[in-house]
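User: I'd like to learn how to read backbone angles and burial in a model. Could you walk me through it?

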Amino acid sequence: MANTGQLSRHEKLSLIKQRSKPWDMVVVGGGITGAGVALMAARAGLDVLLLEKQDYAWGTSSRSSKMVHGGLRYLSQGEFRLARESVRERERLMKEAPGLIEPMSYLFPFREKQFPTRRAFSVLLNIYGYFARKRDHKYLDRDQTIAALPGLNEHGLLGSAQYTDALTDDSRLVLRVLADARRSGATTLNYAAVKMIHSDGAGSKLLEVQDQETSEVFAISTKTVINATGVWADDLREQLGQTKRIRPLRGSHIVIPSWRMPVHQCLTYLHPQDKRGVFIYPWLGRTVIGTTDLDHSEDLDQEAAIRPEEVAYLLAGANHNFPGTKLTEKDVISTWSGVRPIVGNEGEDPKELHPSKAKRDHVVWDDDGTITVTGGKLTTFRVMAEQVLETCATYLEGKNTARAGDYVFEPQQSPVDTKASTELPETELKRLQGYYGADLTTLLSAMSPNGLSLIGGTNRIWAELEWAVMHEEVVHLDDLLLRRTRIGLVLEAGGTALADELETRLRDKLGWSMDKWQDEWSRYRKIWRDHYSLPSTCTSQEQEMMHEVTAG
């Protein structure tokens with residue numbers, strides 16, 4: 001299926017329901033892991049369908065720390081293979097998708113009577129550089145460190161190590177992988193939940209699927225099932241008689257205006273309360289502080305939300321490092337919380353795992369043609385997909401899946417050459433090429449006359465929203481404002497002040513009536529208030545803004 005001019009969701013759903021031929025593969029889960037598997041499978045010539053019960057990247061894949069990195073912590077824990085694999089995947093992604101995965105400087109300060117020392121950290125960085133086949137770290141003395149991060153706590157400061165990792169927009173990474181998967185022949189559908197899995201006795205699997213928009217249930221047949229549902233992996237495996245292996249952990253972040261804590265590189269530090277590693281870094285013109293690492297016992301089908309104690313923890317750590325800033329809850333623009341899995345060994349109660357010491361490598365389990373892949377890192381999704389395809393080979397006779405994962409993104413075949421591209425700053429064109437790949441030329445050619453204008457308060461352009469509502473399977477307004485774009489994360493009150501302009505520019509393109517728009521706006525505001533703001537009732541100012549929007 002071509003990525004542009006693709007079928008509507010209704011048309012695609014109808015074709016899926018009418019199909020009688022078994023699929024080669026059904027991938028359950030539309031995060032980065034499932035997207036990666038679908039891309040590699042389609043590239044190998046498999047007839048593949050991806051189903052996601054919520055929106056694409058709805059789970060952890062839109063709520064991670066956004067870092068494409070090797071993980072120095074893994075080296076300190078002796079996880080050399082994982083660190084090596086991650087560093088090399090980071091290098092691959094930066095090379096294949098500049099503008100989407102961008103290098104960023106990280107700075108780790110050394111202080112008196114604090115471990116790790118400069119010597120110990122240097123050992124880790126030397127190994128890190130060896131894995132990356134380049135040396136890109138250096139030592140900064142005390143004055144250089146203060147100059148690099150003005151306002152940094154100077155008490156006991158000896159200097160710092162500066163090294164390189166990378167940053168991305170995680171949901172945009174998922175969306176680009178999915179776009180390439182569709183371009184390679186995959187079919188994808190969001191808001192389609194796999195409720196049950198059965199064997200038909202002839203080597204195929206029967207899946208009961210529910211359309212989350214209409215509640216209609218239908219059946220599909222497939223040779224293999226890939227359970228790429230991350231922290232939800234136990235749900236399908238328990239239907240196959242398997243025991244729980246997943247322990248959900250919540251990681252939360254807060255977003256503040258960059259002027260309140262201006263950082264131009266990532267500060268990584270050990271939190272004074274528990275000596276956990278925490279980051280303060282620039283992202284989309286804002287400053288992000290995170291993450292926490294706590295057990296998550298709430299319903300996984302409800303979006304995770306930050307707790308008051310997490311807000312206090314993150315603010316305390318930031319104020320300890322920048323004592324002159326004196327951040328408070330009033331400075332917080334938005335929050336996000338993701339739930340990630342750590343995986344226990346066979347026969348081991350996952351509740352007995354120590355979160356900070358648990359392995360973060362991925363696992364692949366084969367339950368008679370239902371292959372589960374979970375754990376792992378955003379950075380290593382290609383490696384995970386490659387291993388899944390190797391495991392599937394037994395069930396796909398005559399299909400050659402070898403070398404399908406030799407790359408993630410194909411090199412740009414030709415430069416973008418449109419009138420609009422010549423009007424864009426070089427850095428912005430690079431970002432758009434990274435975000436949209438082969439679709440960028442069509443995006444720029446099809447945009448409205450003022451599509452290059454910036455969305456107020458952001459560094460994004462209106463053409464991106466227009467493209468999303470026309471070509472990226474937006475079903476609900478929160479799909480658009482929280483995942484296709486990040487308006488809800490970078491603007492006060494989730495972008496409430498833009499409500500009228502959003503309606504004027506986009507409602508007709510979405511094909512929504514005014515009643516439908518108002519229903520979607522109410523839904524979005526509730527989601528934002530409950531899961532992306534501070535854990536308290538909305539302020540009187542926000543209530544007043546919401547009233548004005550409703551009245552308007």
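User: Where is D368 found?

Analyst: D368 is found in the loop between β17 (362-367) and β18 (370-375). Do keep in mind that this is a predicted model.

User: What is the sign of phi at D368?

Analyst: First, the general idea: most residues other than glycine have a negative phi. D368 is not a glycine, yet has a positive phi of about 55°. Another such case is E473, with phi near 55°, in the loop between α14 (462-471) and α15 (477-484).

User: Are D368 and E473 buried or exposed?

Analyst: D368 counts as exposed because its relative accessibility is 58%, over the 50% cut-off. E473 has 13% relative accessibility, so E473 counts as buried.

User: Which peptide bonds are cis?

Analyst: In general, most peptide bonds are trans. Here, the bond from F115 to P116 is cis, with omega near 5°, and P116 lies in the loop between β4 (101-111) and α5 (118-132). The bond from G290 to T291 is cis too, with omega near 15°; T291 is in the loop between β14 (286-290) and β15 (294-295).

User: How do I read the surroundings of Q162 in strand β6?

Analyst: Start with burial: Q162 counts as buried because its relative accessibility is 15%. Then look at its partners: the side chains of Q162 and Q265 are joined by a polar contact of 2.8 Å. Beyond its neighbours within four places in sequence, Q162 is in contact with residues including S105, Y106, D136 and H137.

Methods: Residues are numbered from 1 along each chain as its sequence is written. This is a predicted model: local features need pLDDT of at least 70, side-chain atom pairs count only at pLDDT 80 or more; totals for chains, interfaces and linings use all residues. Side-chain values use heavy atoms; hydrogens and water are left out. Buried means under 20% relative accessible area, exposed over 50%, partly exposed in between (1.4 Å probe, protein chains only). A polar contact is a pair of N or O atoms within 3.5 Å; within protein, one must be able to donate a hydrogen and the other to accept it, and residues adjacent in sequence count only if both atoms are side-chain atoms. Contact means heavy atoms within 4.5 Å. Helices (H or I, at least four residues) and strands (E, at least two) are DSSP runs, numbered from the N terminus.
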